[in-house]
2 protein chains.
Amino acid sequence: MSRIYNFSAGPSTLPESVLLQAQQEMLEWHDSGMSVMEMSHRGKHFALIAEELESDLRELLAIPSNYKVLFLQGGASAQFSLIPQNLLNGKTKACYLNTGAWSEKAIKDAQAFCEVVVSASAENTKFTSIPDAASWVIDTEAAYLHYTSNETIHGVEFQNIPDSKGLPLVSDMSSNILSRPVDVNQYGLIYAGTQKNMGPSGVTIVIVRDDLCGNATKTTPPVFNYAEQAKNQSMLNTPATYNWYLVGLVLKWLKGQGGIAAIEQRNITKVTKLYQAIDESALYHNPVAIPYRSRMNVPFILADENLDKAFLSEAEAHGLYELKGHRSVGGMRASIYNAMPEAGVEALMAFMAEFERTH
Amino acid sequence: MSRIYNFSAGPSTLPESVLLQAQQEMLEWHDSGMSVMEMSHRGKHFALIAEELESDLRELLAIPSNYKVLFLQGGASAQFSLIPQNLLNGKTKACYLNTGAWSEKAIKDAQAFCEVVVSASAENTKFTSIPDAASWVIDTEAAYLHYTSNETIHGVEFQNIPDSKGLPLVSDMSSNILSRPVDVNQYGLIYAGTQKNMGPSGVTIVIVRDDLCGNATKTTPPVFNYAEQAKNQSMLNTPATYNWYLVGLVLKWLKGQGGIAAIEQRNITKVTKLYQAIDESALYHNPVAIPYRSRMNVPFILADENLDKAFLSEAEAHGLYELKGHRSVGGMRASIYNAMPEAGVEALMAFMAEFERTH
């Protein structure tokens with residue numbers, strides 16, 4: 001078949017131009033005589049790829065020079081355990097905002113290392129909202145405040161930077177990094193898996209302020225010790241070289257799109273019309289409070305769940321795939337990251353309207 | 001330029017047919033409408049890739065059914081810390097054989113978790129030999145005996161399975177896995193980074209006997225807890241999906257080559273003639289005791305180190321790359337993993353002979 005519209009929550013669709021370039025360079029990168037995946041990570045060719053990767057990310061996110069940028073393995077999930085190991089620095093508490101399934105996982109894993117203060121929880125709304133900041137309980141003895149900037153499963157996104165009352169602010173941005181501007185200066189640490197807005201899976205980005213590096217516990221594996229990896233340009237061990245290259249291609253594509261300010265406008269255009277179509281329909285419903293709706297992940301339920309199966313199979317017949325919602329919330333979910341073209345969202349909306357008319 | 005002979009120690013050369021297939025399937029895998037790197041790891045297409053990956057590895061290595069096979073992130077280096085966390089199970093000691101740079105790293109990282117008993121060390125030979133087994137001091141109170149089956153930097157390889165005196169035997173096989181038959185039954189745990197004999201970097205294979213799963217400390221990150229990942233088919237979090245696919249292609253290529261028994265014969269043929277050429281030359285010298293010479297990594301020094309630079313640049317002019325030895329041992333190193341064709345070794349030998357004649 002031809003390439004379809006893929007609404008997967010991650011790994012997710014990539015720009016076709018990135019795939020075409022990777023395809024063209026598969027057997028030989030530039031004039032190197034070898035594929036990127038065959039290159040020594042210590043060699044001159046890969047050094048160029050690594051340097052451009054970091055400089056492009058620094059440019060796109062306007063990362064200040066007092067922040068280290070690390071490219072690790074293990075996924076954001078590994079960081080759930082590694083952040084406390086690197087940041088507690090002798091403290092015994094950390095604050096977490098609980099806004100959905102990914103916050104919950106981060107909290108659970110951190111509890112092996114410290115007392116977790118849940119500063120706020122949206123559990124009582126079934127994670128369809130974010131508690132008002134006035135109600136948050138932030139313990140100033142804590143080492144940091146952690147939050148998940150976009151909840152991939154529940155479709156909830158912070159539209160502003162939380163006030164951490166002076167604590168280092170730590171954010172899992174796996175599912176909305178590079179989709180909107182972010183003032184890195186407001187953060188102690190930002191981390192993200194790459195498999196949504198940055199490329200294939202297999203790389204974890206950690207952006208960490210200098211003063212938070214160097215305090216890892218002695219049982220933190222060296223390859224996950226931020227200071228050690230920073231000293232070694234994330235090459236204390238063999239990195240996932242081909243994945244770095246692919247992330248680099250996605251960053252170049254994003255620069256070609258006009259950078260983050262431009263892609264944000266396109267993301268707003270895409271998601272605004274999709275939520276409007278859902279809200280105006282009698283069949284589809286999005287349960288999330290309007291101010292906290294995600295631009296990246298749009299969950300929606302059908303008024304009659306007996307129609308779910310027909311919706312999914314007819315969607316596939318229209319070239320629209322991976323629309324099934326996460327099992328924990330049911331219904332549907334359209335993930336529309338940077339690489340999902342507006343035409344894909346329009347095709348989805350057209351199908352949804354037709355399906356509503358015919359069922 | 002055209003594709004060159006790449007003697008990199010890792011990441012390293014891959015079979016051209018694997019690259020060609022990956023190139024062909026880059027934009028669409030089979031009839032899926034998407035690239036492998038865009039697939040949800042929970043979807044039906046990737047499920048097929050994952051199943052074949054595990055079954056092909058089980059078939060090639062004849063892995064018994066009472067062993068779990070995990071595909072993790074973080075590299076073998078992460079396992080240096082994760083093995084004690086998973087295997088100590090309340091014990092306070094572990095035994096290590098010290099046969100080179102990689103053993104040393106494994107020992108250093110394990111020391112954060114337990115008392116390391118160095119059962120034998122070849123340090124006094126500058127890691128050019130392996131101490132006789134009769135001299136090993138194995139503490140039967142230890143949780144396991146660890147060794148590095150092939151030392152990539154020093155070019156030292158165990159030709160037989162060490163006698164662990166009843167301790168679970170743990171081996172870092174990063175640089176010789178799949179190059180020769182191995183009786184998995186003799187091991188408690190085998191681990192390997194993929195970037196030498198199995199594909200690109202970014203995947204870590206862990207083959208672990210059932211009874212050694214389930215004893216991780218409570219601070220072991222769940223994504224690195226063997227029992228948790230075994231329960232979840234290594235998908236507790238998003239795996240490095242594209243890397244799994246590429247490793248799968250390399251395993252299919254290996255099966256097409258006749259499997260491990262056949263590739264071992266080819267490896268013996270390649271390496272025997274290369275060592276013979278070195279031993280017969282007046283210019284080149286390999287310092288490793290003959291019974292312990294590696295089939296995968298052939299270090300050699302030139303009688304006059306002032307010729308090193310000329311050797312490397314003239315080698316490149318002959319299409320022979322990445323021959324510089326590791327900085328810790330100097331000289332040259334030819335890594336000739338499974339994917340290095342015999343023609344590459346012959347081209348290297350012809351160049352070495354010519355260089356010796358002309359210098």
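Two residues are in contact here if their C-beta atoms, placed from the backbone, lie within 7 Å. Keep that cut-off in mind for this tour of a predicted model.

**Stop 1: one residue in chain A**

Select A:L145. This residue is found in strand β5 (residues 145-148) of chain A. Which residues does A:L145 touch, leaving aside its neighbours within four places in sequence? Colour these: A:C95, A:S119, A:I138, A:P162, A:S164, A:L167, A:L169 and A:V170.

Is A:L145 buried or exposed? Count the other C-beta atoms within 10 Å: there are 25. A residue is buried if that count is 20 or more, so A:L145 is buried.

Now add A:S55. A:S55 lies 90 residues from A:L145 along the chain. Their C-alpha atoms are separated by 28 Å.

**Stop 2: the two domains of chain A**

Colour residues 17-256 of chain A as domain 1 and residues 258-358 as domain 2, following the domain assignment. The centres of the two domains, taken over C-alpha atoms, are 27 Å apart. Each domain of chain A gives 23 residues to the contact between them.

Look at the domain 1 side of that contact. Which elements give two or more residues to it? They are β7 (156-157) and α6 (241-256) of chain A. By class, this side has 8 nonpolar, 11 polar and 4 charged residues.

**Stop 3: the sheet of chain B**

Move to chain B and show it as a cartoon. Find the open sheet of 7 strands. Trace its order: β2-β10-β9-β8-β5-β3-β4, with mixed pairing. The edge strands are β2 and β4 (115-121) of chain B, as each pairs on one side only. From one strand to the next, the twist averages 20°.

Strands of a sheet pair through backbone hydrogen bonds, either parallel or antiparallel. This sheet lets you see both kinds.

- Antiparallel: select residues 67-72 and 204-209 of chain B. These are β2(B) and β10(B), which pair over 6 bridges. B:L72 stands opposite B:T204.
- Parallel: select residues 93-98 and 145-148 of chain B. These are β3(B) and β5(B), which pair over 2 bridges. B:C95 stands opposite B:L145.

Next, select helix α4 (residues 101-110) of chain B. This helix packs on the sheet. It touches β3, β4, β5 and β8 (169-172) of chain B. The direction of α4(B) makes about 160° with that of β3(B).

Return to β2(B). Why is this strand described as largely enclosed by the rest of the structure? Because 5 of its 6 residues are buried.

**Stop 4: where chain B meets chain A**

Show both chains. How many residues does each chain give to the contact? Chain A gives 56, and chain B gives 56.

Highlight α1 (16-24), α3 (75-87) and α6 (241-256) of chain B. These elements give two or more residues to the side that touches chain A. α3(B) gives the most, with 5 residues. In all, the chain B side has 23 nonpolar, 26 polar and 7 charged residues.

**Stop 5: the axis**

What rotation superposes chain B on chain A? A rotation of 180° does, with 0.0 Å of shift along its axis and an RMSD of 0.0 Å. That is the relation of a two-fold axis. The same surface serves both copies: 100% of the contact residues of chain B recur in chain A.

Finish by selecting B:Q23. Of the residues of chain B, B:Q23 comes closest to the rotation axis, with its C-alpha at 2.5 Å.

Key: Residues numbered from 1 in each chain as written. Chains lettered and ligands numbered in written order. Predicted model: local features only at pLDDT ≥ 70, side-chain atom pairs only at ≥ 80, totals over all residues. Helix = DSSP H or I, 4+ residues; strand = E, 2+ residues; numbered from the N terminus. Nonpolar A, V, L, I, M, F, W, Y, C, P; charged D, E, K, R; others polar. Least-squares fit on C-alpha atoms with pLDDT ≥ 70 in both. Domains from an automatic or database assignment. Buried ≥ 20, exposed ≤ 12 C-beta atoms within 10 Å, placed from the backbone. Pairing = 2+ DSSP bridges. Axes fitted to C-alpha atoms, helices over the stretch in contact; angles between N-to-C directions.
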